[in-house]
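The following exercises are to be solved with the sequence and the structure at hand. Each task is followed by a solution in steps.

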Amino acid sequence: MRNDKKKKNIFRGMAAFLLCRIPLEKYCDVRVREDMKELVAPLRVEEELRFYYEKRIALSLAIVGAGILLALLTTITQGQSGILKEAQGRLYIERDKADGMVKQAELVTEYQGEQAVLDLKIEPVKYTEEQFEAVCLEMQEKLPAMIKGENMDLEHVCKDLYLPERYGNYPFVLTWSFDNYDYIHTDGTADPKRLRELKEEGSVTQVEAVVTYDRYEMTLRFPLRFIKPEEESADLWEALQVFLEEEQDRQGTHKQFVLPDCFRKKEVRYAEKKNLSWIRIFFLSLVTSVVLFFAGNQDLHKETLRRREQLLRKYPEFVSKLMLFLGAGMTPKASFYQIYKDCEKTESTHAKQKDYFYEELKYMIHSLENGVSEIEAYEQFGKKCRVNQYRKLMALFVQNHKKGTANFIRLMEEEVRDNFERQKSEARRLGEKAGTKLLFPMIVMLGIVMVIIMVPAFISYQV
């Protein structure tokens with residue numbers, strides 16, 4: 001049953017170590033044990049069961065190990081680290097710099113013998129009034145280039161403006177307003193219909209940004225001019241794609257491709273797309289290992305069903321040969337030997353797939369050669385086949401050997417006739433099963449034929 005008995009690796013070693021400490025008789029799946037009894041000789045059942053579970057556990061350990069390794073590598077590459085640190089016996093959380101982000105901390109806190117998980121938002125270092133004013137002066141210079149959106153500048157506004165509520169990573173809140181709302185909405189969305197009604201000189205107005213932080217506040221004002229929009233047919237993203245490809249070709253002799261930060265006098269930002277997180281990789285490997293471990297039991301059960309079908313297919317030929325040899329005057333034991341020799345020749349020339357009938361018959365012949373009585377050998381053969389027809393047939397041979405049956409040949413002839421009727425019933429059942437499977441394809445073909453007939457008819461009718 002196994003072809004890789006000599007193949008060993010670290011996971012097979014770990015699986016073997018675990019199985020040595022697990023009582024297999026207690027935790028083994030009952031159906032797996034029953035299937036294994038059908039597939040191997042009785043003396044090898046426990047050995048094969050241990051080998052079977054060793055392979056399944058080794059596969060699961062390999063998948064979990066690969067998942068843990070990938071999770072660790074992902075954690076290292078992403079640079080994940082703890083937020084809680086210690087210095088001079090005191091725990092602390094490092095605040096981000098003044099223009100940094102708010103940190104989210106989940107702390108398992110113990111107080112008065114009880115534990116609870118607290119969510120804290122760690123604010124960055126606060127700005128002083130001088131720092132606030134300095135940043136506002138910087139915003140006065142840089143905001144015009146930011147809020148223009150897709151417009152050339154604030155002197156040529158014909159599209160939506162970008163009115164951010166924040167400036168970069170600074171914790172400042174910006175509130176926007178316009179002196180004139182004839183051509184634009186409060187959120188910075190332009191009104192194309194009204195803009196198309198503008199004259200050539202356009203309309204001048206002012207946008208105001210009130211910057212607030214903590215207890216500080218400052219007002220920034222920016223003049224702008226609305227103009228009549230021009231129709232654009234070129235797609236922005238396609239144009240940017242072509243621009244990047246041309247830039248890449250231009251830098252073809254350079255070792256590094258420097259991404260341009262400006263396109264059509266507008267800022268372009270880039271970010272690398274992130275891959276799967278380590279948690280998904282780990283749980284995916286864990287689920288996969290569990291599914292594959294239990295899926296192996298289904299494969300074993302399918303092999304058992306294939307064995308039973310194979311034995312049933314061999315039964316008519318087996319009974320016919322027995323009847324032929326017994327009718328020719330051979331003893332039952334000699335008849336079995338002759339059938340075994342015929343199967344041995346067939347097995348040597350057509351050894352593509354395992355012949356379970358030949359294996360069971362070989363086991364019975366070897367038992368007879370090793371001194372097992374005919375009665376015991378026949379009974380074991382019937383039990384090991386686990387098919388009712390074989391049990392019934394072997395019961396006839398046992399009865400004939402114990403008591404001697406005068407009408408043994410007649411009973412064998414009846415078994416041949418009954419088997420012929422069973423064959424006809426099985427053929428009828430398989431035919432009905434095949435017809436059921438063909439039902440759906442036939443319906444699909446009918447639908448195709450109807451479409452082929454009806455579509456030209458409808459087209460010609462419309463014409």
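A residue is called buried when its relative accessible area is under 20%, exposed when that area is over 50%, and partly exposed in between. The model used throughout is a predicted one.

**Exercise 1.** Locate D214 and decide whether D214 is buried or exposed.

*Solution.* Step 1: D214 belongs to the loop between strand 6 (203-213) and strand 7 (216-226). Step 2: the relative accessibility of D214 is 53%. Step 3: because 53% is over the 50% limit, D214 counts as exposed.

**Exercise 2.** Describe the backbone angle phi of D214 and of R386, and classify R386 by its accessibility.

*Solution.* Step 1: recall that most residues other than glycine have a negative phi. Step 2: the phi of D214 is near 55°, a positive value in a residue that is not glycine. Step 3: R386 also has a positive phi, near 55°, and is likewise a residue other than glycine. Step 4: R386 is placed in the loop between helix 11 (374-385) and helix 12 (388-402). Step 5: with 24% relative accessibility, R386 counts as partly exposed.

**Exercise 3.** Determine what surrounds T304 and F336, and whether each of them is buried or exposed.

*Solution.* Step 1: T304 is part of helix 8 (residues 278-327). Step 2: T304 has a relative accessibility of 0% and therefore counts as buried. Step 3: when neighbours within four places in sequence are left aside, the contacts of T304 are D35, E38 and L39. Step 4: F336 is found in helix 9 (residues 332-349). Step 5: F336, too, has 0% relative accessibility, so it counts as buried. Step 6: residues up to four places away in sequence not being counted, F336 touches F318, L322, L361, M364, I365, Y378, M394 and F397.

**Exercise 4.** Explain why C158 forms no bond with the closest cysteine, and examine C385 in the same manner.

*Solution.* Step 1: a disulfide is a covalent bond between the sulfur atoms of two cysteines. Step 2: the cut-off for such a pair of sulfur atoms is within 2.5 Å. Step 3: the closest cysteine sulfur to that of C158 belongs to C262 and is 17 Å away, which is too far for a bond. Step 4: for C385, the nearest cysteine sulfur is that of C343, at 12 Å, and C385 is in no disulfide. Step 5: the count of disulfides by this rule is zero. Step 6: C385 is, moreover, buried, its relative accessible area being 0%.

**Exercise 5.** Decide whether the protein is a compact globule or more spread out than one.

*Solution.* Step 1: the protein contains 13 helices and nine strands. Step 2: for 463 residues the globule rule gives 23 Å, but the radius of gyration is 42 Å, well over that value; the protein is therefore more spread out than a compact globule. Step 3: along the principal axes, the C-alpha atoms fill a box of roughly 120 × 90 × 55 Å. Step 4: as one separation within the chain, the C-alpha atoms of F336 and V173 are 96 Å apart, with their positions 163 residues apart along the chain. Step 5: of the 463 residues, 31% count as buried.

Key: Residues are numbered from 1 along each chain as its sequence is written. This is a predicted model: local features need pLDDT of at least 70, side-chain atom pairs count only at pLDDT 80 or more; totals for chains, interfaces and linings use all residues. Side-chain values use heavy atoms; hydrogens and water are left out. Helices (H or I, at least four residues) and strands (E, at least two) are DSSP runs, numbered from the N terminus. The radius of gyration is taken over C-alpha atoms; the globule rule is 2.2 Å times the number of residues to the power 0.38. Buried means under 20% relative accessible area, exposed over 50%, partly exposed in between (1.4 Å probe, protein chains only). Contact means heavy atoms within 4.5 Å.
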